[in-house]
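Dear colleague,

I am handing over the structure we spoke about, and it follows directly below. Please have it open while you read, as my notes come after it.

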Amino acid sequence: MRNSFQLGNCRVVPSECAVYFNNGEKQNLQPKLIEVLIYLADAHPAVVSRQELIDKVWQGNTYVGENALNNVIWNLRQIFKEGMQDEVIETLRKTGYRLLIAPDSLSSPSSPAEHTTRPSARRLWPWLAAAVLVILFISSFGLLNHSQQTSQRSIQALTTEPGLELFPSPSADGRYLVYKWVSADGQVDLFKRDLLQPGLAAVRLTYDQASEGHSVWSHDSRFLYFSRKDRSKAQCDIVRMDMQNYEEVFVTHCPIGGGYYYIDISPDDKTLAFYGSDPDAEQSGVYFLDLQDKNASPVRFSCARHCGYKDRDMAFSPDGKHLALTRRVNEFNENIYLVRLSDQSTRQLTQGEEDIVGLTWHPDGQRLVYAVQRADVRSGFMLDLRTQRQYPLEIEGLSYPFFARNQPWLFFQHRSEQYQIASVQVDAQISSAPYPVLQSVYNHKYPDYSATTNQLAFISNETGHYEVWVSDAFGNNRRQLTHLKRNSRYPTWSHNGQRIAFLATDDDGKGDRIYQVDVATKRISALDSPFEGHNRPTWTLDDQGIISAVFNQDHTDIYLFRQDGSVPQRLTFNGGEYGIMQDNDKLIYSVQRKGLWQTDIHSGQTRQLLEEQHFRNPYSWTLSEQGVYFMQANNQHQQLRHYDLANGQNLVLLQIPSASVESDSPLTYDANHARLLFTETEFPQSDIKMLKDPLFQ
């Protein structure tokens, strides 16, 4: 089916690598997207296996095709989701893909932009034929060129140690590579490799109990700048290391909170940019430090107050005239912006992203490579600033890319994460290991159990987005409830089992709202709230209200939102982040870095149940009639513990390897089967790799 064809209310024009929508909008597609779409259209209504698509579209190159196919299917769904009311491509688990809408062949491959009054077809025919031949030739050449580029690329693994090798930082000439290594026992240090002598062991640069973060070389390769956070001292510093003798010098302070310390240096090595904070700013952002002035203090570059967003990662352009940075509005909205440093004029470069995981400039200063995490799938893209065209790199797991300053070699962190739902018995005489409940090639997270319906609610990314699903108590008879085509979080059953509350971004992407879905009808409604930032929802015992923390410029605390739309009632006044009603009067809730608390919502009387040293994670806990089940982690392991509300006993029920339970996963108690359910993960493997690709030449 090489001619144009109608797909619902869209017209696909292969010769132009384009899709035209009824509103006249045109969407250009990458050649591989067109090839896959055509293949599915030719096969309709049959199912096409993944291997068949890889064989036909990627000439059997499984190494490239496996990752690229996932990316192509995701992009096709993104392109069609705005113009089509129905799903276009169906994923059949462990089988393949099927086009759900019958393609309607058209007699001509011409685009829909046709005039009512036309010149004589006889006079136009030679020109049209010539134009079609030229277009087909160019398209074929582009397909061939893209295929050749893909086949000529080389990916070299630079680290293979067990554990996590993170945040690659190459020297300007690409000879040396510095990276962060996290061992399975939690030890964190920086290491350096000489890539011209691959037989040599990596050199350990730091020896301490602190946690080092992102690093960046000066352009003359003399110094390395990096962050070091030491929680035991409640201190975070930016450090400069002389790469000749490894001598360290303190540069400035960084915030003790958070886990990412982005950093970059200007091309003239005069200005250090880093992710920081100060008491006068509402939240963290980007700061500049003059490295020529020993007495200089950091100057805030980002907006400081009443911003509605925060800047996070940053990268100086090779000519030093621009700064590319990531700007996060909320948990569901983060995009890349380009700022001209002379006047701070700003231009948005990406749309609709949720989580940017690294960005870097190509040495030519005309292109950016960045990585995104969509529904826990990481992938990379190249953005040509001259044409505004975006090219997928077709490497699943790519994140935190970094070009060598003087070479078109892309270093990146290759990491994939798997999340499944597991359970553990809490009435066993002998401690038992976690038992899998829901496992597949897709990710399943955030289970919540309903004792009324004996069902699980959870989110799954098998459609390319995290949507809300339900199943029976053991993961069978799965059913998708939401089709928002944007990521959802933290589904929670009402006590009567009729509705599920969850968190998702609002329509304009500016806030994260609380939604409710009726399980029987799948009807979705948004909770009436004057706030833009919300946290994980739970229900009042009578299901007439929803409990959720609110994030705003003044405070973070827990509110009660009633179904009748009345003014929300503030329940906590000390930074409450997640709460569950114990009865009609009492709320059990957590406070970040301040432990577990209880408050009477009528009298306001509050008391602390557990201090931070005994209760660190504000989210991995749940309430039962007997007390609180919660996860407590350290560098060596995670413990499942139970705090008895009646007698104050704090007992260890189970000890499991570190990072077995996702750090922010809620727990849910299933009294019918005497078990706890949670999101299980394995300690991930992350390696540093280097990509050489004709695309970068």
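To follow the first point you need one definition: rings of Phe, Tyr and Trp (its six-membered ring) are taken as a pair if their centres lie within 6.5 Å. Please also keep in mind that this is a predicted model.

With that definition, F167, Y260, Y262, Y275 and Y400 form one aromatic cluster, and the structure as a whole holds 23 aromatic pairs. One of these pairs is made by F167 and Y260, whose ring centres are 6.1 Å apart with 65° between the planes, an edge-to-face arrangement. The pair links distant parts of the chain, since F167 sits in strand 10 (residues 164-170) while Y260, 93 residues away, sits in the loop between strand 17 (248-253) and strand 18 (263-265). F167 has a relative accessible area of 7% and is therefore buried, the cut-off being under 20%, whereas Y260, at 35%, counts as partly exposed. Another pair, formed by Y559 and F561, is tilted, with 6.4 Å from centre to centre and 35° between the planes, and both Y559 and F561 are buried.

Turning to the sheet at the start of the chain, you will find 5 strands that form an open sheet in the order 4-3-2-1-8, with antiparallel pairing. Its edge strands are strand 4 (26-28) and strand 8 (104-105), each of which pairs on one side only. Strand 3 (residues 18-21) pairs with strand 4 in the antiparallel sense over 3 bridges, and within this pairing V19 has Q27 of strand 4 as its bridge partner. Helix 1 (residues 31-43) packs on the sheet, where it touches strand 1 (5-7), strand 2 (10-13) and strand 3, and its direction makes about 85° with that of strand 1.

Helix 1 also passes a simple check of its length: at 1.5 Å a residue its 13 residues should span 18 Å, and the C-alpha atoms at its ends are 18 Å apart, so the two values agree. The helix is mostly covered, with 10 of its 13 residues buried, among them P31, L33, I34 and V36.

Some backbone features deserve a look, given that most residues other than glycine have a negative phi, and most peptide bonds are trans. In the loop between helix 1 and strand 5 (48-49) lies P45, which is joined to H44 by a cis peptide bond with omega of about 5°. Y446, found in strand 34 (residues 444-450), has a positive phi of about 55° although it is not a glycine, and at 2% relative accessibility Y446 counts as buried. D543 likewise has a positive phi, near 65°; its place is in the loop between strand 43 (538-539) and strand 44 (545-551), and at 4% relative accessibility D543 counts as buried.

Finally, I would point you to E354, in the loop between strand 25 (346-348) and strand 26 (356-361), which is buried with a relative accessible area of 12%. Leaving aside residues up to four places away in sequence, E354 touches R328, E331, F332, N333, E334, N487 and R489. The side chain of E354 makes polar contacts with the side chain of N487, at 2.8 Å, and with that of R489, at 2.9 Å. E331 is 23 residues from E354 along the chain, and their C-alpha atoms are separated by 7.2 Å.

With best wishes

How values were computed. Residues numbered from 1 in each chain as written. Predicted model: local features only at pLDDT ≥ 70, side-chain atom pairs only at ≥ 80, totals over all residues. Heavy atoms only, no water. Helix = DSSP H or I, 4+ residues; strand = E, 2+ residues; numbered from the N terminus. Buried < 20%, exposed > 50% of the residue type's maximum accessible area, 1.4 Å probe, protein only. Contact = heavy atoms within 4.5 Å. Polar contact = N/O pair within 3.5 Å; in protein donor to acceptor, adjacent residues only side chain to side chain. Pairing = 2+ DSSP bridges. Axes fitted to C-alpha atoms, helices over the stretch in contact; angles between N-to-C directions. Expected span 1.5 Å × (residues − 1). Phe/Tyr/Trp six-rings, centres within 6.5 Å; stacked < 30°, edge-to-face > 60°.
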